[in-house]
Amino acid sequence: MRIKITSDSTCDLSQELLERYDIEVIPLYILKNDIAYKDGVEITPLDIIGHVDAGGSLCSTSAVSPGDYAEVFSRLSPDYDAVIHFNLGSKISSCYQNARAVAEDYPNVYLVDSNNLSTGQGMQVVLAARLAQQGADVAQILTTLETMRPKSECSFLLNRLDYMRKGGRCSMVQALGANLLHIRPCIEVVDGTLQMVGKYRGSPEKCFAAYAKNRLEGRELIKDFAFITYTYGTQESIVNAVREAVAQYGGFSEVFETHAGGTVTCHCGPNTLGVLFYRAS
C-alpha cells in the first residue's frame, strides 16, 4: 500500500525526520497581537520569544481550521491508498474534532487522536512512518499505535513560570515564589491532559539532569528510540547535562533531538526541555 503520514505541526519533529519519513505537517495558528500566523511557516518560536522578551503580550494558539484540513486531505487522498493523520490530543485542542468533520468525506483518510502533544505525538508519527516504510498495512499500523499509545511518556521541565503566569495558568505569587526559590515544575501528559507531577530545586543543570535520571533510571524501557525536545534558547549546558543522563540511564538505540515548536513555546517559554520515550509496559 502507498500510505502517506501527515500530522499537526505540534508533533515537533525536525526537518531531517520529516524528510526521512516523507511526513507532511499541517500548521496550527499562533496568535500574536490578535493576528493569526501559521506555526512554523509565518512565525517561528524565536519570533514568539523575541516578542515576549520585548515586552509584548503572550502569544496564544488556535486549532487547524477545517478548511486547511480539507485542502490537504483532498490533495493527498487521490494519490495514496491511505492517508494517516495525527492530531494534537483531543483533550488539549479542537484540532481532532475539526479534522474528523472533514475526514468523513474521504474514506481513505484515517485519523489518530494522539492523546498527546509535542514529540509525545511525534513518537507516534515516527512509529507509523517506520511501519509504513516496512510495508505494514493500515490495520497493522493502527493496531500497533493503539497498543503503544498508553506506553508513551511525555513530560517537560520548565525553567521559568512567567509564560504560564501570563497565560493564566499560575498566579503572580506562585511564579515569583518559584523563580526566587529556583523551583522548576515538571509537567506531564497524563490521560491526555497536562498535570504537574513534580518539582526540582537548584541550578538549571542540576535540576534537568536529575529530571532525566528520575524519568529513566530503573525503568523498563523500549530501547528503540527516544526524544530530547527543547525550546529555542535553551542553554547548551542544560542540553549537555540531559544528554549525559539519557546516555547513562536510557541506553536507547537512537536519540533524536528536536526543537519545540510554536505551541510549546507559547505556553512554556525558553529553557523548557523534555525527555520522551516509550516504556515497556
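Me: Happy to look at this one together! Is Cys154 buried or exposed, and what is its relative accessible area?

Reply: Glad to help; bear in mind that this is a predicted model. Buried means under 20% relative accessible area. Cys154 falls under that cut-off and is buried, with a relative accessible area of 1%.

Me: Which cysteine sulfur is nearest to that of Cys154, and how far away?

Reply: A disulfide needs two cysteine sulfur atoms within 2.5 Å. Cys154 is in no disulfide. Its nearest cysteine sulfur belongs to Cys186, at 9.9 Å.

Me: Why is Cys11 without a bond to the closest cysteine sulfur?

Reply: Cys11 is buried too, with a relative accessible area of 1%. The closest cysteine sulfur is in Cys95, and the bond is ruled out because the distance is too far, at 12 Å.

Me: How many disulfides does the structure hold?

Reply: Cys154 is in no disulfide, and the sulfur of Cys11 is too far from the closest cysteine sulfur for a bond. The count for the structure is 0.

Me: Now for the sheet: what is the order of its 4 strands?

Reply: The sheet is open, and its pairing is parallel. At its edges lie β2 (23-26) and β7 (109-113), each pairing on one side only. Read across, the order is β2-β1-β6-β7.

Me: Which residue in β2 stands opposite Ser7?

Reply: Strand β1 covers residues 3-8 and pairs with β2 in the parallel sense over 4 bridges. Opposite Ser7 in β2 stands Val25.

Me: Which helix packs on the sheet, and what angle does its direction make with that of β7?

Reply: The helix is α4, residues 95-103. It touches β1, β6 (82-87) and β7. Its direction makes an angle with that of β7 of about 165°.

Conventions: Residues numbered from 1 in each chain as written. Predicted model: local features only at pLDDT ≥ 70, side-chain atom pairs only at ≥ 80, totals over all residues. Heavy atoms only, no water. Pairing = 2+ DSSP bridges. Helix = DSSP H or I, 4+ residues; strand = E, 2+ residues; numbered from the N terminus. Contact = heavy atoms within 4.5 Å. Axes fitted to C-alpha atoms, helices over the stretch in contact; angles between N-to-C directions. Buried < 20%, exposed > 50% of the residue type's maximum accessible area, 1.4 Å probe, protein only.
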